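Me: Hey, can you walk me through this one? I'd like to start with a pocket and then hop around a bit.

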Amino acid sequence: MWLPLLLGALLWAALWWFRDRQSLPASDAFVFITGCDSGFGRLLALRLDQKGFRVLASCLTPSGAENLQQVASSRLHTTLLDVTDPQSVRQAAKWVETRVGEAGLFGLVNNAGVAGIIGPTPWLTQDDFHRVLSVNTLGPIGVTLALLPLLQQAQGRVVNITSVLGRLAASGGGYCVSKFGLEAFSDSLRRDVAPFGVQVSIVEPGFFQTPVTCLESLENSLQACWARLPLSTQARYGEAFLTKYLKVQRHIINLLCDPDLTKVSRCLEHALTARHPRTRYSPGWDAKLLWLPASYLPACLVDAALGWVLPKPAQPAY
């Protein structure tokens, strides 16, 4: 009884492996990437440039665009883009249309993102959430919709970089909310554009050493958030709460953050170059062994585990 099942599983695994390794022919197609100042976007832009793609890289700052252009080939072109500004998005879309012409746009990688304030939800304001959502969720939606006609023209691909925290909200703040939202947009988009030959993939990295996980920035933003709280709220949480929270945050970042960004860029490349791209990619050991398995556990177990890790307010009850 078990032998046929084992042989069937092995055959399925072998067929999946063979199918997953099939690649498209070498191409000089156009790929547009957001957030190329640093991190995953910059690395992917350079890797695709080396492979012969015609990379259209958008950066938030002139210095980021200039630095990238200096180390890339003449095939790579940069433009400035603020994904939160509709006019900037329209200008970038027009620039892309001028570049690609009749060929259309083969690839769009929505990479631009920010962390915002990572901290207890009661400390935050609606503006704190809006600032993160405007970059991480509404930004990719606006860019995708603006470029969708060019993607349909080339029967291209959309790759959205979300996060494992888009599957399991391990902390308060807008970051997890924004990534959940981008996951939902990606799922619905995938089904809606499939009849037009456009494929959509989601890359859900674990913790990597990028500007999003910069400890100094995370700590400064949380300390500023604490400083603006009413004195009564600070008293309810207690002086030690912030110190303990920052300590836990520091330990998690130091323990889980992977410096090897190529684990993510390889997934992005596969989504763009494989004949049969996957629906989801989860680079990082913590994504595969910790966050994704935890996302399938009963909520009571996850709540208990996270509640044990995070500090408790000094006066939780009124």
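Me: Which helix gives the most to the lining of the second largest pocket?
Reply: That's H11, which supplies six residues of the lining. Keep in mind that we're looking at a predicted model.

Me: What else helps out there?
Reply: Helix H1 (2-20) and strand S7 (280-281) each supply at least two residues of that lining, as does H11.

Me: How many residues line the second largest pocket, and which lie nearest its centre?
Reply: 25 residues line the pocket, and Arg266, Cys267, Glu269, His270 and Thr273 lie nearest its centre. The pocket's volume is about 450 Å³.

Me: Switching topic: which residues have the most contacts inside the largest nonpolar core?
Reply: Those are Ile33, Ala45, Leu48, Val55, Leu68, Val109 and Leu268, in a core of 30 residues. Elements giving two or more residues to this core include strand S1 (30-33), helix H2 (39-50) and helix H11 (262-273).

Me: Is there another core apart from that one, and what's in it?
Reply: There is another, lying apart from the largest core, with 27 residues, among them Leu56, Leu147, Val158 and Val193.

Me: Why would nonpolar residues group like that?
Reply: In soluble globular proteins, nonpolar side chains tend to end up buried together.

Me: Back to Leu68, what does it touch?
Reply: Leaving out residues up to four places away in sequence, Leu68 touches Cys36, Arg42, Ala45, Leu46, Ala57, Cys59, Leu76 and Thr78.

Me: And Asp49, is that one buried or exposed?
Reply: Asp49 counts as buried because its relative accessibility is 4%, and the cut-off for buried is under 20%. Asp49 sits in helix H2.

Me: What are the neighbours of Asp49?
Reply: Not counting residues up to four places away in sequence, Asp49 touches Val55, Ala72, Ser73, Arg75 and Leu76.

Me: OK, strands now. Why is S5 largely enclosed by the rest of the structure?
Reply: Five of the five residues of S5 (residues 157-161) are buried, so the strand is largely enclosed. Arg157, Val159 and Ile161 point one way, while Val158 and Asn160 point the other way.

Me: Which strands does S5 pair with?
Reply: Strand S4 (residues 107-110) runs parallel to S5 and is joined to it by four bridges, with Val109 opposite Val159. Strand S6 (residues 199-203) also pairs with S5 in the parallel sense, over five bridges, and there Ile161 stands opposite Val203.

Me: What do S5 and S6 make with helix H7?
Reply: Together with H7 (residues 174-193), they make a right-handed β-α-β unit.

Technical notes. Residues are numbered from 1 along each chain as its sequence is written. This is a predicted model: local features need pLDDT of at least 70, side-chain atom pairs count only at pLDDT 80 or more; totals for chains, interfaces and linings use all residues. Side-chain values use heavy atoms; hydrogens and water are left out. Buried means under 20% relative accessible area, exposed over 50%, partly exposed in between (1.4 Å probe, protein chains only). Two strands pair if DSSP finds at least two bridges between them. A crossover is right-handed if, with the strands pointing away from the viewer, the path from the first strand over the helix to the second runs clockwise. A nonpolar core is a set of buried Ala, Val, Leu, Ile, Met, Phe, Trp, Tyr and Cys residues joined through side-chain atoms within 4.5 Å. Contact means heavy atoms within 4.5 Å. On a 1 Å grid over the protein atoms alone, a cavity is a set of points where a 1.4 Å probe fits but cannot get out, and a pocket is an open set with protein on both sides within 12 Å along at least five of seven lines; lining residues have an atom within 4 Å of a point. Grid points are joined across faces, edges and corners, and a volume is the space filled by probe spheres set on the points.
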